[in-house]
Amino acid sequence: MKFKSVEEIEKVVRGVADEMNIEIVEIVPKISKNPSLTVFIDTETGVDLDTCEKFHNAIDGILDEFDPSFGASYTLNVSSPGLDRPLKTARDFEKRIGKDVEIKLATPLQGKKYIESKLVGYDGNNVVLNDGEKDYKLPLTKIEKINEAIKFD
């Protein structure tokens, strides 16, 4: 079994997402004993179960007609990306400027492998962080994982 390309699948559902003011964050085909196609979505106000269900229903028929799995059966899942999802795209970084982020470094920096700091900038190759006193640049190549810090009040 195989799926058509993620780019082709995204192109087919993009119009529905745009109409519903939904951002397609990622599409993940999974080829296994129980094949699935998971579409991760986001909105300006976040994603709840109702939003996932509405988008699922809106794209289900379109995907059936498009046949992303070349006739093989699969399960369609629509999900939020989750609070701790790693930042990957320029949009991910730009949406989180001004927020605290958690960073796991590939190699220790000043003896630290984990950093929590405020994200104040992004230029495609580096993030600019503020430790409360000063701004500093950190190359993306030194970052193993970066995600928005989860705060519980």
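**Close-up 1. Helix 2 from end to end.** At 1.5 Å a residue, the 18 residues of helix 2 (residues 49-66) ought to span 26 Å, and the 25 Å between its end C-alpha atoms agrees with that. The expected span here is 1.5 Å times one less than the number of residues in the helix. Helices (H or I, at least four residues) and strands (E, at least two) are DSSP runs, numbered from the N terminus. Keep in mind that this is a predicted model: local features need pLDDT of at least 70, side-chain atom pairs count only at pLDDT 80 or more, and totals for chains, interfaces and linings use all residues. Residues are numbered from 1 along each chain as its sequence is written, and side-chain values use heavy atoms, with hydrogens and water left out. Helix 2 also bends, by about 30° at Asp60; the bend is the angle between axes fitted to the seven residues ending at a residue and the seven starting there. Right after helix 2 comes Asp67, with a positive phi near 60°.

**Close-up 2. The buried residues of helix 2.** Thr51, Cys52, Phe55, Ile59, Leu63 and Phe66 are the ones to look for, since they are buried in helix 2. Buried means under 20% relative accessible area, exposed over 50%, and partly exposed in between (1.4 Å probe, protein chains only). An α-helix has 3.6 residues a turn, so residues three or four places apart point the same way. The buried residues of helix 2 pack against helix 1 (6-19), strand 2 (36-42) and strand 3 (75-79).

**Close-up 3. The largest nonpolar core, with Leu37.** This core has 19 residues, and those with the most contacts inside it are Leu37, Val39, Phe55, Ile59 and Leu63. Two or more residues each come from helix 1, strand 1 (23-30), strand 2, helix 2 and strand 3. Helix 2 gives the largest share, five residues. A nonpolar core is a set of buried Ala, Val, Leu, Ile, Met, Phe, Trp, Tyr and Cys residues joined through side-chain atoms within 4.5 Å. Leaving aside residues up to four places away in sequence, Leu37 touches a list of residues including Phe3, Ile9, Ile27, Leu63, Tyr74 and Leu76. A contact means heavy atoms within 4.5 Å.

**Close-up 4. The five-stranded sheet.** The strands of this open sheet run in the order 7-6-5-4-8, with antiparallel pairing. Strand 7 (135-139) and strand 8 (143-148) sit at the edges with a single partner strand each, so one side of each has no neighbour in the sheet. From one strand to the next, the twist averages 45°. Axes are lines fitted to C-alpha atoms, for helices over the stretch in contact, and angles run from 0 to 180 degrees between N-to-C directions. Two strands count as paired if DSSP finds at least two bridges between them.

**Close-up 5. Strand 6 and its two partners.** Four of the five residues of strand 6 are buried, so this strand is mostly covered. On one side, strand 5 (residues 112-122) and strand 6 (residues 126-130) pair in the antiparallel sense over four bridges. Gly121 has Val128 as its bridge partner, and Tyr122 has Val127. The hairpin between strand 5 and strand 6 has three residues between them, with Gly124 in the turn at a positive phi of about 100°. Strand 6 and strand 7 also run antiparallel, joined by five bridges. Here Leu129 stands opposite Tyr136, while Val127 has Leu138 as its bridge partner. Their hairpin has four residues between the strands, and Gly132 takes a positive phi near 100°.

**Close-up 6. Val101 and its surroundings.** Val101 lies in strand 4 (residues 100-109) and counts as buried at 0% relative accessibility. Not counting residues up to four places away in sequence, its contacts include Leu87, Ile115, Leu119, Leu129 and Ile146. The C-alpha atoms of Val101 and Pro86 are separated by 10.0 Å, with the two residues 15 residues apart along the chain.

**Close-up 7. Asp92 in helix 3.** Asp92 is part of helix 3 (residues 90-95) and is buried, with a relative accessible area of 3%. With residues up to four places away in sequence not counted, Asp92 touches Arg85, Pro86 and Leu87.
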